[in-house]
There are 2 protein chains.
Amino acid sequence: MIKSVPTAGQRTAGRPSALPRTAGRASTTTLETVRDAAGQVTSRVRRTVLPSGLRIVTEQMAGARSASIGVWIGVGSRDETTTTHGASHFLEHLLFKGTDERSALDISIALDAVGGEFNAFTAKEYTCFHARVLGEDLPLAVDVLGDMVTGSVLDTHDVDAERDVILDEIAMHEDDPDDVVQNLLADLAWGSGPLGRPIAGTTGSIEAMTRAQIQRFYRKHYRPENMVVSVAGAVDHGEVVKAIRRSFHRHGFLDGAAEPIGPRAGGRRPRIHGREGRISRPFEQVNVVLGAEGLTRDDDRRFALGVLNTALGGGTSSRLFQEVREHRGLAYSVYSFATQYADSGLVGVAVGCLPDRLDEVLEVVRVELSRIVAHGITADELERGKGQLVGGLVLGLEDSASRMMRLGKAELVYAEVLGIDEVMDRINAVTLEEVQEVATHVFGRPELLAVVGP
Amino acid sequence: MIKSVPTAGQRTAGRPSALPRTAGRASTTTLETVRDAAGQVTSRVRRTVLPSGLRIVTEQMAGARSASIGVWIGVGSRDETTTTHGASHFLEHLLFKGTDERSALDISIALDAVGGEFNAFTAKEYTCFHARVLGEDLPLAVDVLGDMVTGSVLDTHDVDAERDVILDEIAMHEDDPDDVVQNLLADLAWGSGPLGRPIAGTTGSIEAMTRAQIQRFYRKHYRPENMVVSVAGAVDHGEVVKAIRRSFHRHGFLDGAAEPIGPRAGGRRPRIHGREGRISRPFEQVNVVLGAEGLTRDDDRRFALGVLNTALGGGTSSRLFQEVREHRGLAYSVYSFATQYADSGLVGVAVGCLPDRLDEVLEVVRVELSRIVAHGITADELERGKGQLVGGLVLGLEDSASRMMRLGKAELVYAEVLGIDEVMDRINAVTLEEVQEVATHVFGRPELLAVVGP
């Protein structure tokens, strides 16, 4: 699976900070304890760093019956060259194909048999394998995931069969107007640079990739110091650390000593110039994204951007939904988004409409963007935007999968897990001035326009 | 939103039974109480039937912070004529456009401001408006939903603006290969009969529909005796009944006295003949569904069909996934499905592949279907299939939205809510013989073949 299309109202939940160090031995820290009114612990977040540099972050949730586990590797399409383009995603597929101990069928059977959800996705900056199971089946999930991630055999026949599957997946994305327009936007923003390339690779790069190249890519990036295991739900931290030591230990994976690799360095910001691109496709609809350079992941203004994004196009009460859909009936789907990477980011507005509405849609969206740049948002919109972000955050806390995702991503890309309360405080502290400042900053930048349709 | 594409491993959770009667006064029954090992109540399901015939089913979940509410109306596209084709879905959209008390913006603001999820969908046999909020915001959600459902103004200008939105939505579905192939399959199975028509209507029927027609449709079907409100999570049954009486009472909606309308009568089964249909579209992939007539909703063999569906194409360890994707690399996406309606049903296998793989895909799928008809499944597959269904059921219980969906749909279409334990018992009781019998029954029937692609 590929995680390439940003969703409306995307949030982040952490910030850069000092990285935990192993100093050659395992260390465990409690990061957060939440109690209810009666003083009972409802949630506890703990982190253990193994001497090999592997990080394990868990959140024990009182009353949970399920447990969600994710194995996060700090590698994605931006770590590829033109010859390894698509290797992260190819590898993600191949890891399901078998180890010395398990065939592909054995891997599938193990988690299917207990009704667990079991999947993986590849993004530009990381790869994640994840499962959701009943708490009692967690040891099984740890065992299967550890085996897959550390001991994949990458059999030649499997590489070729899976190559065909990926070529088919690429064709499927080509038939999805959303995917086509988002890939075009990335191309307009970052050109042929690593962030600009589609995650799955191209037909050409996938056809040309050899098993040896994939094998080298695997050995280079799948290392304990570049990996985080996050678990949330019905979990005992000590038990899970033991199970991970057992499961990831095979193939000598945890033998070395290393410090965890910190969050991806920002480096030099790629310059994003105003550009326009069109791809002609015989679709019924035109899909259009109007975007601009956004913020980097460590930018403190991202909380203000979150509120702005919500007010602009994050729900049915947002300006864009009201103007484009409610008042004018111009489109069924309209939303805004903000994505952040280590050294770059994008903001944008995505609309799908009938071809003869395109000009009017673009005009309405541009008017709304200039209004928000000129006047910011209202006090009501500020309060509603905060309510929407905080409410969504709290509603997400019931779900072990959401918590696992939050923990794993935060640990990998921010090096530290921010408490929920801290995130809420940051959202609630956003002012009208900050929102207008960030609106002017991002939407005052040169425009990117991606259009796909007939 | 439209709910038209069946998902893999779809399950049902109830059976026909005597309908509760009001006898002119409100009555409340406790349907199920679940306790943990320590004797604490972890879940309680209660039903109140108001004198007007409105049914309210709640499930109080210990420890939940969220509450999910759904308003279910027993009307969908199969209740339409050729002139009202698309009216159920059109109405679903229009109910968000405002009442005497609230504008469309007021409706959106109310739930956006608390971070709630808020949406609706239309199916062939029912329509559902639903929200997920923090428990403390449940009265707000009840108030907004009650107002929307009972007091929509159906303003002429809104009808025209929303008509354009729906035409755009239809265009979007035309660009989605999955939607196109599933609509084609329904057309092959049921022709121009009510079940065979696409839920959203056609460009022609939507362009021609008048406000007066929609208004009549609304008054005819949105009646208390044809409606179920289901709520799960952090909920107090008595409080919610009071809130619903208050909120649904405006516009005199609850004034009359009526008995709840029972589940849709089965009537005469439409005959499904073997047919083949192709739609030419310039997509990269070919999307194909190979199907046949399935079971009706009240067929006791549906539990065996669930196990069969799981073993055949319900997960990555299933026969189809293994044969089509793992061994041969023929497709990225392959799954089987089973959908049930009051008087008909469909089973099928859906695959998206590159055009030059189509013949091989069809051959492999047909071989697997004949193998399963001839020999059934293995004892291992039976056990895994049961584990997968039961595990998935238990994993779904943590989520207030899943429980609300289960309650509401079961109450509306089965007239009674089966306890989870009862559903599990039915799944666990399935035998190898029953699976083979149902396999022979459904896949021995004439073949439906729907193909969409270049």
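# Report on a predicted two-chain model

Chain A has 454 residues, a length for which a compact globule would have a radius of gyration near 22 Å; the value for chain A is 22 Å, which agrees. The C-alpha trace of chain A spans about 60 × 60 × 40 Å along its principal axes. Chain A contains 15 helices and 12 strands.

## Confidence

The model described here is predicted. Chain A has a mean pLDDT of 92, and 94% of its residues reach 70 or more. Among the elements of chain A, helix 1 (residues 87-94) has the highest mean pLDDT, 98, and strand 1 has the lowest, 89. Residues 4-17 of chain A have a pLDDT below 50, and this stretch makes 44 contacts in the model beyond near neighbours in sequence. Where pLDDT is low, the predicted coordinates should not be read in detail. For the complex, the predictor gives an ipTM of 0.89 and a pTM of 0.92.

## Domains of chain A

Chain A is divided into two parts, domain 1 (27-252) and domain 2 (275-453). The centres of these domains of chain A, taken over C-alpha atoms, are separated by 27 Å. Their contact takes 37 residues from domain 1 of chain A and 31 residues from domain 2 of chain A. On the side of domain 1 of chain A that touches domain 2 of chain A, the elements giving two or more residues include strand 3 (55-61), strand 4 (66-73) and helix 5 (177-190) of chain A. Helix 5 of chain A gives the most to this side, with 10 residues.

Within the range of domain 2 of chain A, strand 12 (residues 448-453) pairs with strand 8 (residues 275-280) of chain A in the parallel sense, over six bridges. Strand 12 of chain A is also joined to strand 9 (residues 286-293) of chain A, by five bridges, and these two run antiparallel. Val451(A) of strand 12 stands opposite Arg278(A), and Val451(A) is also the bridge partner of Val288(A).

## The contact between chains A and B

A rotation of 180° with 0.0 Å of shift along its axis superposes chain A on chain B, with an RMSD of 0.0 Å. The two copies are thus related as by a two-fold rotation axis. Of the interface residues of chain A, 100% are also interface residues in chain B, so the copies meet through the same surface.

The contact takes 56 residues from chain A and 57 residues from chain B. Elements that give two or more residues to the side of chain A that touches chain B include helix 2 (104-112), helix 10 (319-327), strand 10 (331-340), strand 11 (345-353) and helix 12 (379-396) of chain A. The most is given by helix 4 of chain A, with 10 residues.

The table lists the residue classes on two sides of contact.

| Side | Nonpolar | Polar | Charged |
|---|---|---|---|
| Domain 1 of chain A, touching domain 2 of chain A | 21 residues | eight residues | eight residues |
| Chain A, touching chain B | 23 residues | 17 residues | 16 residues |

Strand 6 (127-134) of chain A is one of the elements giving two or more residues to the side of domain 1 of chain A that touches domain 2 of chain A, and strand 6 of chain A is also one of those giving two or more residues to the side of chain A that touches chain B.

How values were computed:
Residues numbered from 1 in each chain as written. Chains lettered and ligands numbered in written order. Predicted model: local features only at pLDDT ≥ 70, side-chain atom pairs only at ≥ 80, totals over all residues. Pairing = 2+ DSSP bridges. Helix = DSSP H or I, 4+ residues; strand = E, 2+ residues; numbered from the N terminus. Least-squares fit on C-alpha atoms with pLDDT ≥ 70 in both. Contact = placed C-beta atoms within 7 Å. Domains from an automatic or database assignment. Nonpolar A, V, L, I, M, F, W, Y, C, P; charged D, E, K, R; others polar. pLDDT = per-residue confidence, 0-100. Rg over C-alpha atoms; globule rule 2.2 N^0.38 Å.
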